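Visitor: I should like a close look at one part of this model, namely its internal spaces and the residues around them. Please take me through that part in a connected account.

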Amino acid sequence: MAMKPCCRILFHGRNPAFFGFPSPKCHNPLTNSQSSFGFNYAHNRKFYSNPPRILGFGGVSDRARKPFCASSLNWGQSRVLYSTCNCGVDRGVHVICRVASNVRNYASSVETVVNEKNFERTYVQGGNVGRDEESRVEDDGGNVNKDNSKGLHKVEVLNCGKEESAVEKEAWKLLQNAVVSYCGNPIGTVAANDLADKQPLNYDQVFLRDFVPSALAFLLKGEAEIVRNFLLHTLQLQSWEKTVDCYSPGQGLMPASFKVRTVPLDENKLEEVLDPDFGESAIGRVAPVDSGLWWIILLRAYGKITGDYTLQERVDVQTGIKLILNLCLSDGFDMFPTLLVTDGSCMIDRRMGIHGHPLEIQALFYSALRCSREMLSVDEGSKNLVRAINDRLSALSFHVREYYWVDMKKINEIYRYKTEEYSTDATNKFNIYPEQIPHWLVDWIPEKGGYLIGNLQPAHMDFRFFTLGNLWSIVSSLGTPRQNKAVLNLIEAKWDDLMGHMPIKICYPALEYEEWRIITGSDPKNTPWSYHNGGSWPTLLWQFTLACMKMGRPELARKAVDLAEKRLPLDRWPEYYDTRNGKFIGKQARLYQTWSIAGFLTSKMLLDNPEIASLLYWEEDYELLEICVCALRDSGRIKCSRGAAKSQILV
């Protein structure tokens, strides 16, 4: 008798998101998850809006309450299993809660945790949490949820009149083969899909950051179902009470990745299990800071491209946004508007000396705040959060523009800094010693270019050029128009260094010799000009393309894409390239890396569709310049510099 699959979500000692999206209806027998998603562009241009009925122990679960979990001894460790079963002829779907032990005290309502985290003040009051709950949660399994289809715009397949090249056709085939299915529905793409790789490690998982270029490629192609499924299921994986080695990060943490596992249920059935990784399996055991930020950015992109704004209006999605923001905006010891993070918590997920306030996270944080301000439903319960977003946006943009920016003029200013200045009017506010200016920088930076440095904290400026942070600062308008223009001028002037034989260097220059040993801990994978330490990453093409199109420089993007198109298929779409000029395939690079493939495809489609590309970036928000966040401005102790920032923009 054939074994039939069922579906569940595996939480290692975690409870699901506050308003978790239910598991999808299980339609098909278990197939190869990496090849079961066939593309029918005429048929698949439909959004997945068919959430099944959620059943607990004899009744519909109350979404305003934590699920009650019965005790079971079938598992050797504490975990909560959300399982759909009875995937037989009647196609009924039931969600059952089970846990292995009674290590946790069961809380029957949200109020317990709400009051602990001051959650109620921000999220519950005036938020109409109970509104239309039943219509959003329940469905009889045969009809689409009409609430989610109202106002839905038809997704148009782009580039229908343009003949795809052989390289593009190959790339699309590889991207299709990388798709992962969960209960017969596409849910994401694996990080790499090299069938010859006998030790995939975690490259067979769906990473949140890695899926973003894949999602954009699908959206630009008119395939929105997989992106919608991804957004909703990762929302269900969002941490509410997460424990790793007895420590509990805040609510709202999104996983770095997840895997669809197949486990036997009984003699005749199999179960598909969503198993997330919040850092407990990662190198260094570091939780991801960027996953939640990318999730918000992708949610906005989904609405902009498809016109389906009903997704972001859902109660559970609105709550997911607020949970992420609450985690990022929480008070701490840090006095800067930038987000304090540790090494390894972003795209550079190993020790590389970027702990503190790395530019990449600040640019993504700024983008996520702008996205959230667009998508949040403004009511009595969220107006304080929106006010906090505006204040943080204003402070963050000023801080980065004023203190992270370097060009020849600023370097000369730092060169003449006085130190040990104790006053509110100090010029050298962070006590930067001029000796920190590296020798390579003075000769490297062009006269008519500049960039945002990689990191800033007391007595420390990381002068390395980090590509992702600078590109995303352009895309999000974190930098001023003048600064954004100067960044592209620098990239053009230093093309051989940053692009070479394969675009684009993740950072420049590489750490070498004793500096490499001390800062990376002698990391054998991050040797000079390899991997994160000055390696070349083709996936950065799509962000470079978007930045160039925003600034009216598409020719630069085409030059980079043409360069990559000649090599990527011949080299079997590697993860990264090594050496100073990107000549060699990375010594430990995975082949058929999905985000290398998707980054190339997305770049090509963005160049062909500038009107769609314009939906994905932000123009300067002049209203932010009118918001002064200096709390002491009325006392006269601190001179406000917003006027200086304004004058920079108008130059």
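**A helix contact, the cavities and a buried pair**

Guide: In this predicted model, the account may begin with a helix pair, where L359, Q362, F365, Y366, L369, R370, S372 and R373 of α11 meet I389, N390, R392, L393, L396, S397 and V400 of α12. Sorted by class, this contact of α11 with α12 comprises eight nonpolar, four polar and three charged residues. Helix α11 spans residues 359–375 and helix α12 spans residues 383–403; their axes come within 10 Å and cross at roughly 150 degrees. The crossing of α11 and α12 is left-handed.

From this helix pair the account turns to the enclosed spaces. Six cavities of 30 Å³ or more are found when the whole structure is searched. The largest cavity holds about 90 Å³ of space, and the second largest has a volume of about 70 Å³.

The lining of the largest cavity consists of V212, L216, W294, I297, L298, R300, A301, W472, W542, L546, L616 and W618. Three helices each supply at least two of the lining residues: α6 (208–221), α8 (290–306) and α19 (541–550). Of these, α8 provides the largest share, with five residues. In character, the lining of the largest cavity has 11 nonpolar residues, no polar residue and one charged residue.

Around the second largest cavity stand R209, V212, P213, W294, M347, L468, T539, W542, Q543 and W595. Here α6 and α19 each contribute at least two residues, and α6 gives the most, with three. The lining of the second largest cavity divides into seven nonpolar, two polar and one charged residue. V212, W294 and W542 appear in the linings of both the largest and the second largest cavity.

R209, a lining residue of the second largest cavity, merits separate attention. R209 belongs to helix α6. Its relative accessible area is 10%, so R209 is classed as buried, the cut-off being under 20%. Leaving out residues up to four places away in sequence, R209 touches P288, D290, W294, S345, C346, M347, D349 and W595. Among these contacts, W294, M347 and W595 also line the second largest cavity.

A256 can be considered together with R209. The two residues are 47 positions apart along the chain, and their C-alpha atoms are separated by 7.6 Å. A256 is located in the loop between α7 (225–237) and β8 (257–264). A relative accessible area of 13% is the reason why A256, too, counts as buried. Apart from neighbours within four places in sequence, A256 is in contact with V206, F207, L208, D277, F278, P288 and S291. P288 is a contact of A256 and also of R209.

Some of these contacts lead on to an open space, the second largest pocket. This pocket has a volume of about 600 Å³. It is lined by 29 residues, and N202, F207, I283, D349 and Y531 are those nearest its centre. F207 is among the contacts of A256, and D349 is among those of R209. The lining of the second largest pocket comprises 13 nonpolar, eight polar and eight charged residues.

Note on methods
Residues numbered from 1 in each chain as written. Predicted model: local features only at pLDDT ≥ 70, side-chain atom pairs only at ≥ 80, totals over all residues. Heavy atoms only, no water. 1 Å grid on protein atoms, 1.4 Å probe; cavity = no way out; pocket = protein on both sides within 12 Å on 5 of 7 lines; lining within 4 Å. Points joined across faces, edges and corners; volume = space filled by probe spheres on them. Helix = DSSP H or I, 4+ residues; strand = E, 2+ residues; numbered from the N terminus. Nonpolar A, V, L, I, M, F, W, Y, C, P; charged D, E, K, R; others polar. Axes fitted to C-alpha atoms, helices over the stretch in contact; angles between N-to-C directions. Left-handed = near helix turned anticlockwise from the far one by under 90°. Contact = heavy atoms within 4.5 Å. Buried < 20%, exposed > 50% of the residue type's maximum accessible area, 1.4 Å probe, protein only.
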